[in-house]
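Biologist: I should like to go through this model and ask how each description of it is justified. Please set every value against the criterion behind it.

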Amino acid sequence: MDSIGAVGLQQREGFPSCSQKGLPCPSDSSELVLECLQQFKVTQTQLQQIQTSLLGSMEQALGGQASSASAVRMLPTYVGSTPHGTEQGDFLVLELGATGASLRVLWVTLMGTEGHRMEPRSQEFVIPPEVMLGPGQQLFDFAAHCLSEFLDAFPVSTQDLQLGFSFSFPCHQTGLDRSTLISWTKGFRCSGVEGHDVVQLLRDAIKRQGAYSIDVVAVVNDTVGTMMGCEPGVGPCEVGLVVDTGTNACYMEEARHVAVLDEDRGRVCVSVEWGSFGDDEALGPVLTTFDHALDQESLNPGAQRFEKMIGGLYLGELVRLVLAHLAQQGALFGGCTSPALLSRGSILLEHVTEMEDPLAGAARVHAILQDLGLSVGTSDAELVRYVCTAVFTRAARLCGAALAAVLSRLQHSREQQMLQIAVATGGRVFEQHPSFLSILQETVMLLVPECDVSFIPSVDGGGRGVAMVTAVAARLAAHRRLLEETLAPFRLNREQLAAVQAQMQEAMAKGLRGEASSLRMLPTYVRATPDGSERGDFLALDLGGTNFRVLLVRVTAGGVQITSQVYSIPECVAQGSGQQLFDHIVDCIVDFQQKQGLSGQSLPLGFTFSFPCRQLGLDQGILLNWTKGFNASDCEGQDVVCLLREAIGRKQAVKLNVVAIVNDTVGTMMSCGYEDPRCEVGLIVGTGTNACYMEELRNVASVAGDSGHMCINMEWGAFGDDGSLGLLRTCFDANVDQASINPGKQSFEKMISGMYLGEIVRHILLHLTSLGVLFRGQQTQRLQTRDIFKTKFLSEIESDSLALRQVRAILEDLGLPLTSDDALMVLEVCQAVSQRAAQLCGAGVAAVVEKIRENRGLEELTVSVGVDGTLYKLHPHFSGLVAATVRELAPRCAVTFLQSEDGSGKGAALVTAVACRLAQMDHV
Ligand code: G6P
Ligand code: BGC
Ligand code: BGC
């Protein structure tokens, strides 16, 4: 505008003098026009204020505190990723609302990365005004009719038609195919639609039409279609900007910043709906009387104020209002108006486009004005073009300020000062008005100079983009179906868990009776939990968990003090010779004694040996078989206490008095029992899993006596080795079992414990990758590596805070090409695997506590369970799921889970202390 000089006006001759007509002279007219157009000037300060205020309104709405109707809406669109370029297939697209009184049906073929670009077939249908303002059902029936007409005209081969619905109005989306209209904009005002799911309305209309079965897969805002329609290779565009009849933008926001989405993972496309921006303080100064007049006469006064200054539906009207005003002031058309000039909507966007276009030339302007019944003076054409330019330039600048706000938001959201971003543009204002984009670009560079912005015009008004979203939606839906099918066997229902509980109770009874059972139900010769009178110093060994520990346990009246040291058991020792293993254990004891100044002392020793042992006494335990990656030779079938004593014997000058061998479940029960005498169950969910409990001696066939109790080591890790868990076993469990050093063994353990969950997840990820559901189907060497997906990853990934960043970090460390959808699916895989493990564990505990309740013929049982193990302790949801399953399956048992703080080493020392006390009493 600054560049505009009144110079040109003077030279034009041959008109009756204006003063003669009591009209302002041409120079006056142009002054009047220029003066009037002053109000369309928007200063840099005002633009910055609009940028800041709009950014503020965006962040408020993102935080869920949208202050007023005049705020932007920030609507999540459930589009979580920009196109891969791998999208393929044929899609129907229905566009409603982007281009005003017309809808468009397209048939889009996506060729994926290989194929060349196929030109979509499309057909435009004009929407009669009475349909735009009538009952909603009529509008959707009209749309369904257009779809059939299109398909009749362009018969397509495939029966299962997948449709993407581009619906360009503000909607609350609750899924890619669920969207509720908030309010109509842009000349639409159908009844019975606001507050309703427009996808359902379309589905119902298509059903009523009954001509074709069309699956509406996705609903998309036109800005999203524009963004997604970005040509692969130039994009991905992460902002979509539309200026057609209306205006709006969308962009990829970090999901964790979108309060309404309780999702803190990945990105999500947010439709800003900046058309409703109307912050008085920011917009007040730039709103002109013409804007207020236009708003008052619009279908939605007070709403969409920002859009009414930019959208193509309004620019023509603004020009008309200005021209009418200037004519009435006598500055134009000889001070004469015309019915057309005074009637709303008589000047359209196309008119303004032409009149503003210098190439169109004055003649064309004349023609348009004459069509409006105006007598056009020589200078009028030029002045009218000024008016058009003023209105346009303001629109472009305001749009630039709004886009600058979005770019500032992206800088914040991604903590990137130097933002490099591609913006996809769509809409007839861009297509028909090249200067609109250049003015907008100028404004953006002015307001966010540090952003490197490239503008990519959308190829076909976003139709392809909508097809992309539909393809993504269809792919996600297909992937989701495949993911659900894959994970379905892990989703155990109450009946299945109750069946596991019943099968376990039956196996327990058989095992106790000495009949064939996958539960060995091994007597431990621990007959009582501590009574607090234990005293003395004891050595304890804790072998079989993640760490091997040597402990000095001092039991006094004041409680138990523990000094311990962790030693590693290298795999070559754990899988070497038995002699090597036990010599290594004794070396650690000697090292510990030296460090603790205990050398030469022969303290009573309790040995927590966390493997299945048939005990013949407290200090006799025949190893039945190794588990958990241990496989030392010449041990199975041996009394491990003897093996330890022989190793001690081989080490000169070491005197140790091995008093008891206990299983870690027993040690854990005893350790917790020391604090809570109701603790009569021990549970381990760590590298391996197992449980023990105090059984009535009368029920233990292999031990004489029928009064009192005996702690039974169930060795439930082997539950199901007889095939009784076959129905629950998945192919992934079979893969893990096949690859283990003890195939066919420890079935229950291999579905629950820490040594195996990571492997189950890895096999599922490999399977889903082979289906193309994950990592774009790219199998990586790393993911094919055994044990590369540690079980601790599950605990990290499933932790509630910021898991996705951790998911990404973990998976990127594994060298996996990761998309946010992938990360979400990996999370679901971890959740399904750990949930099944926890529920199965819960079903096992329910079987045990119900056994105790029935043993004692109690209506209600109150009992505590001592628990240890890394998985149980570190996994964020495991313990809660176990407790919930026990409540569900054993409602008559009030079960308290006590996490053991000092591990089972303390328990082993307490068992030793009890044994020593009982031995002293025998000697007394
Ligand atoms: C604690 C106990 C060990 C037990 C282990 C199981 O550390 O002291 O006796 O074997 O937990 O858990 P983990 O996760 O180490 O296998
Ligand atoms: C609607 C938006 C749409 C924009 C451009 C606005 O009136 O509220 O949803 O994206 O027009 O078509
Ligand atoms: C062993 C049990 C042990 C459990 C937990 C299993 O593999 O067989 O004896 O209690 O792991 O450590």
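**Ligands and a helix pair**

Modeller: Ligand 2 is surrounded by 15 residues, and the closest are T185, N221, D222, E273 and E307. Please keep in mind that the model is a predicted one.

Biologist: What makes a residue count as near a molecule?

Modeller: The criterion is that one of the heavy atoms of the residue lies within 4 Å of the molecule. For ligand 2, 15 residues make up the surroundings.

Biologist: Why is the pair formed by D222 and ligand 2 called a polar contact?

Modeller: A polar contact requires a pair of N or O atoms within 3.5 Å. An N or O atom in the side chain of D222 is 2.5 Å from an oxygen atom of ligand 2, so the pair qualifies as a polar contact. For E273, a polar side-chain atom lies 2.4 Å from an oxygen atom of ligand 2. With F169 the partner is a polar backbone atom, 3.3 Å from an oxygen atom of ligand 2.

Biologist: How much of the accessible area of ligand 2 does the protein cover?

Modeller: On its own, ligand 2 has 310 Å² of accessible area, and the protein covers 100% of that area. The shell around ligand 2 has 3 nonpolar, 8 polar and 4 charged residues. At least two residues of this shell come from each of α7 (222-228) and β10 (247-254).

Biologist: Which residues are the closest to ligand 3?

Modeller: They are T627, K628, D664, E715 and E749, in a set of 15 residues that surround ligand 3. Both α22 (664-673) and β23 (689-696) supply at least two residues of the shell. By class, this shell divides into 3 nonpolar, 8 polar and 4 charged residues.

Biologist: How do you know that N690 makes a polar contact with ligand 3?

Modeller: The limit for such a pair of N or O atoms is 3.5 Å. An N or O atom in the side chain of N690 is 3.1 Å from an oxygen atom of ligand 3, and the pair therefore meets the criterion. Polar backbone atoms take part as well: one of S610 is 3.3 Å from an oxygen atom of ligand 3, and one of F611 is 3.3 Å from an oxygen atom of ligand 3. The protein covers 99% of the 310 Å² of accessible area that ligand 3 has on its own.

Biologist: What surrounds ligand 1?

Modeller: There are 15 residues around ligand 1, with D542, T546, T687, T870 and S904 the closest. Their classes are 1 nonpolar, 10 polar and 4 charged.

Biologist: What makes the pair of T870 and ligand 1 a polar contact?

Modeller: An N or O atom in the side chain of T870 is 2.2 Å from an oxygen atom of ligand 1. The cut-off is 3.5 Å, so this pair counts. The corresponding value for the side chain of T687 is 2.5 Å, and a polar side-chain atom of D664 lies 2.8 Å from an oxygen atom of ligand 1. Of the 380 Å² of accessible area that ligand 1 has on its own, the protein covers 90%.

Biologist: Why are α18 and α30 called roughly perpendicular?

Modeller: Helix α18 (residues 494-512) and helix α30 (residues 878-889) pack at an angle of about 80 degrees, with their axes 11 Å apart. Angles of 65 to 115 degrees count as roughly perpendicular, and the two helices therefore fall in that class. Their contact is made by R494, L497, A498 and Q501 of α18 and by T885, E888 and L889 of α30. These residues divide into 3 nonpolar, 2 polar and 2 charged.

Key. Residues are numbered from 1 along each chain as its sequence is written. Chains are lettered from A and ligands numbered from 1 in the order in which they are written. This is a predicted model: local features need pLDDT of at least 70, side-chain atom pairs count only at pLDDT 80 or more; totals for chains, interfaces and linings use all residues. Side-chain values use heavy atoms; hydrogens and water are left out. A polar contact is a pair of N or O atoms within 3.5 Å; within protein, one must be able to donate a hydrogen and the other to accept it, and residues adjacent in sequence count only if both atoms are side-chain atoms. Accessible areas come from the Shrake-Rupley method with a 1.4 Å probe; for residues, only the protein chains shown count as cover. Helices (H or I, at least four residues) and strands (E, at least two) are DSSP runs, numbered from the N terminus. Ala, Val, Leu, Ile, Met, Phe, Trp, Tyr, Cys and Pro count as nonpolar, Asp, Glu, Lys and Arg as charged, and the others, Gly among them, as polar. Axes are lines fitted to C-alpha atoms, for helices over the stretch in contact, and angles run from 0 to 180 degrees between N-to-C directions. Angles under 35 degrees count as roughly parallel, over 145 as roughly antiparallel, 65 to 115 as roughly perpendicular and the rest as oblique. Contact means heavy atoms within 4.5 Å.
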